[in-house]
Every structure is written in structure tokens, then in C-alpha cells.
Amino acid sequence: MTPSQVRALHPPNNSRISKLQMIQIPNEQALPPGAHRYLLLKLHEIYKRAGFPGIKSISNATIHLGDNCDIVSHQGVSNILSGKSTPRWSKLEALVLVLASLDVTRPDPRKLAQTFHELWLPLVSEPPIDLAPPRPGDGHHASEETTKTPHSSAPISNSRKTATPRGGRVIATRLKQDLRLEVGGKCPVSNCQSTTIELAHITPMRAGGENVFGNLIFLCPNHHRQYDTGGFSEQEVRLIKARLAWNNDRYTHAELVWLWVFAKNGGTHFIHPSSEHECLRFLEADGYITMDKSGEENSEGPTDTWHLTELGVRFAEVWGDSGAHPIDIR
């Protein structure tokens, strides 16, 4: 794709750009040094050379990239450029292509996209395994990691972290990073905004809860304690989780369609083309769906049979109230 194939956008006059118009790179406490921060720094280089175009203009331009490219909402653009979410490749690719078309150095958009794909791969690779023994604990408390504000005298936990099976007690570093990015480094409960946060299980481990993305959330210690003692319901926490997923542009279009199918019509099982397995990988990774049968032949080609997990059923129940736009599923 050449720059001429992307709808022209007019970068704003640099003399008129204010910090309020520009998306800033988060500090190192919000986004520690590592693969994600390095990718974001490189992305901001082309964002700057493109003249800091508005997020809505970038979003509108992704619509005109063609059928083989994804569309990124203006909230999705903001989340990627601010490091608030770990982007899917299809979303990052679309953003890079648009920025490349505005870059004053006129790079080849596809070659630049390949470069960013190499930077993106470490974000989705498995974290290294640390053989430290798991910490004891149960209930809503995960292997707790409390992040203090810069003004707090309490130290930041440097406890070692390990990658374990889904039902293990210790939570992988990569999963913790994704969960922190999900809430933007602050408690997601309405009107809280505390930057002192800790991990909580939505369904406690003693009740069968697992260490998967869909069953974990960062809360401030006060709201964590309120949740543990029945101050607010599991349904309310799952609704917060669903709203975060929608606002962070977490799921593919195919996943959004299935969420609306189950939110509107109920049910637990569905059939999806085997060739489009990748489109469902976020719902699968988050613990909301699991595959029953793979590669069954029918008149339209191989299909897979999936079903909602217990987590998935609860997630679908709140999806319609999350603020997500209705999708025509007829």
C-alpha cells in the first residue's frame, strides 16, 4: 500500500499543537521499560513526524485502508498511542499504515509495518519461567502486587513472579502487565481513580476461580476489601470488566458478534470456521470460551465447535449493559 492509497489527512500546524492535543507517552511507573514501552517510543517517532494528527482523523483514515486492514476506533487509537492497552496486530498495523502515509520522511508503509511487527511479537510471546515457589494465599487475593503512588513511602513490591498453569496460585508477569494496562494504572471503580492498586480474583480460588484474564482485576485496597466483604456484587465487578474491554477495544469484530449473540439470545455453544480460529483467540485466552471439536467438515468447509465457559456465560450476561454498541446479528 502506498501513501496515496490512504485518504489524505492534513497534519495540524505544529505551532498550534498543545500538550492537550498530543497523546503523551506514560511515565515509567505506568509503563515500565520493556518491549511494550520500546514499541511505544518508536510509534511516537512516526506520530511526531506525521504532525500529531487527531485521533478521530486517524480512526477515520483506517476505514479507507481497504478490506484487508482493520478499522481502529478513536478510543482504540488513543489507547494504543497512550500505552493503555496491548494492541492486537491488526489494530497496530492499521495505525502504523495511517501514520506512515503522513510521515514527512515518506517511508514505505508496508516495510514500516514489518518493522513494527517485529517489535510487537515480544508483547505476545510467553514470559520466561521463574522457578520461585508460589506464595500462599486464597480467597479473592491473587499473588498480590500493590503499586504505590510516587508520593507513597511504602516500597513497590519486588516479589518474584512465575508462569504457572491456569489454575496455579502464582500469576505470570505478562498477565499482570496486561491487567494493569486494562485499568490504566488506577482503580476502575467509578469515582475512585486511586493509583494504589492490587490484584483481586473475581471468583475466588476456593470457589473454583482461575488465574486467567477474565477472572482477575486490579482494584484499590479499599474497594478490594469492600468486594471481599460483600460491599458490592460479582455482577458489578464483571460489568466493570466488560466496560473496560469495550473501551479498550480488546476484542475482534468476530468476538464482538458472538458476545452480542449470547448477550441477546443466550445459549452456550456455537460453530465457527476453522480458518478463522485466530479471530477468537482473545476470548479464548481470557478464559471465556473453549473448543469442543475441531475441523469438522460441512458444506462450507471445516468448522470448530466452541462453548462458553462459566466465566464466559457470566461475561455475556453483562455485555449488553457495558456500553458496547449493538451489532446486527440477523
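**Helix α6, cores and sheet of the predicted model**

Helix α6, which spans residues 173–183, is mostly covered, with nine of its eleven residues buried. The structure is a predicted model, and the values given here were computed from it. The buried residues of α6 include the nonpolar Leu175, Leu179, Leu181 and Val183. Charged residues are also among the buried positions of this helix, namely Arg174, Lys176, Asp178, Arg180 and Glu182. Glycine 184 follows α6 and has a positive phi, near 70°.

Eleven helices and five strands make up the secondary structure of the protein chain. The chain has 330 residues, of which 47% count as buried. Its exposed surface is about 16900 Å², and carbon and sulfur atoms supply 52% of this area. Among contacts with a separation of 6 or more, 68% are between residues 24 or more positions apart.

The largest nonpolar core contains 31 residues. Within this core, the residues with the most contacts are Leu43, Leu81, Leu92, Leu95, Leu99 and Phe116. Two or more residues are contributed by each of the helices α1 (35–49), α2 (55–62), α3 (74–81), α4 (89–102) and α5 (109–124). Helix α4 gives the most, with ten residues. When residues up to four places away in sequence are not counted, leucine 43 touches Ile80, Leu81, Leu92, Leu95, Val96, Leu99 and Phe116. Another core lies apart from this one and has 25 residues, including Leu256, Phe270, Ile289 and Val318.

An open sheet of three strands is arranged in the order β3-β5-β4, and the pairing is antiparallel. Strands β3 (269–273) and β4 (289–296) stand at the edges; each has a single partner strand, so one side of each is left without a neighbour in the sheet. On average, neighbouring strands of the sheet are turned by 25° against each other, direction ignored. Strand β5 (residues 303–308) runs antiparallel to β4 and is joined to it by five bridges. In this pairing, methionine 291 is placed opposite tryptophan 306 of β5. The two strands β4 and β5 form a hairpin, with six residues between them. Glycine 301 lies in the turn of the hairpin and has a positive phi of about 110°. Helix α9, made up of residues 253–265, lies across β3 and β5 and runs at about 155° to β3.

No disulfides are present in the structure. Cysteine 192 is in no disulfide, and the nearest cysteine sulfur, that of cysteine 187, is 3.7 Å away. A disulfide requires the two sulfur atoms to be within 2.5 Å. Cysteine 192 has a relative accessibility of 22% and therefore counts as partly exposed, the limit for a buried residue being under 20%. For cysteine 220, the closest cysteine sulfur is that of cysteine 192, at 3.7 Å, which is too far for a bond. Cysteine 220 is buried, with a relative accessible area of 4%.

Definitions and conventions:
Residues are numbered from 1 along each chain as its sequence is written. This is a predicted model: local features need pLDDT of at least 70, side-chain atom pairs count only at pLDDT 80 or more; totals for chains, interfaces and linings use all residues. Side-chain values use heavy atoms; hydrogens and water are left out. Helices (H or I, at least four residues) and strands (E, at least two) are DSSP runs, numbered from the N terminus. Buried means under 20% relative accessible area, exposed over 50%, partly exposed in between (1.4 Å probe, protein chains only). Contact means heavy atoms within 4.5 Å. Accessible areas come from the Shrake-Rupley method with a 1.4 Å probe; for residues, only the protein chains shown count as cover. A nonpolar core is a set of buried Ala, Val, Leu, Ile, Met, Phe, Trp, Tyr and Cys residues joined through side-chain atoms within 4.5 Å. Two strands pair if DSSP finds at least two bridges between them. Axes are lines fitted to C-alpha atoms, for helices over the stretch in contact, and angles run from 0 to 180 degrees between N-to-C directions.
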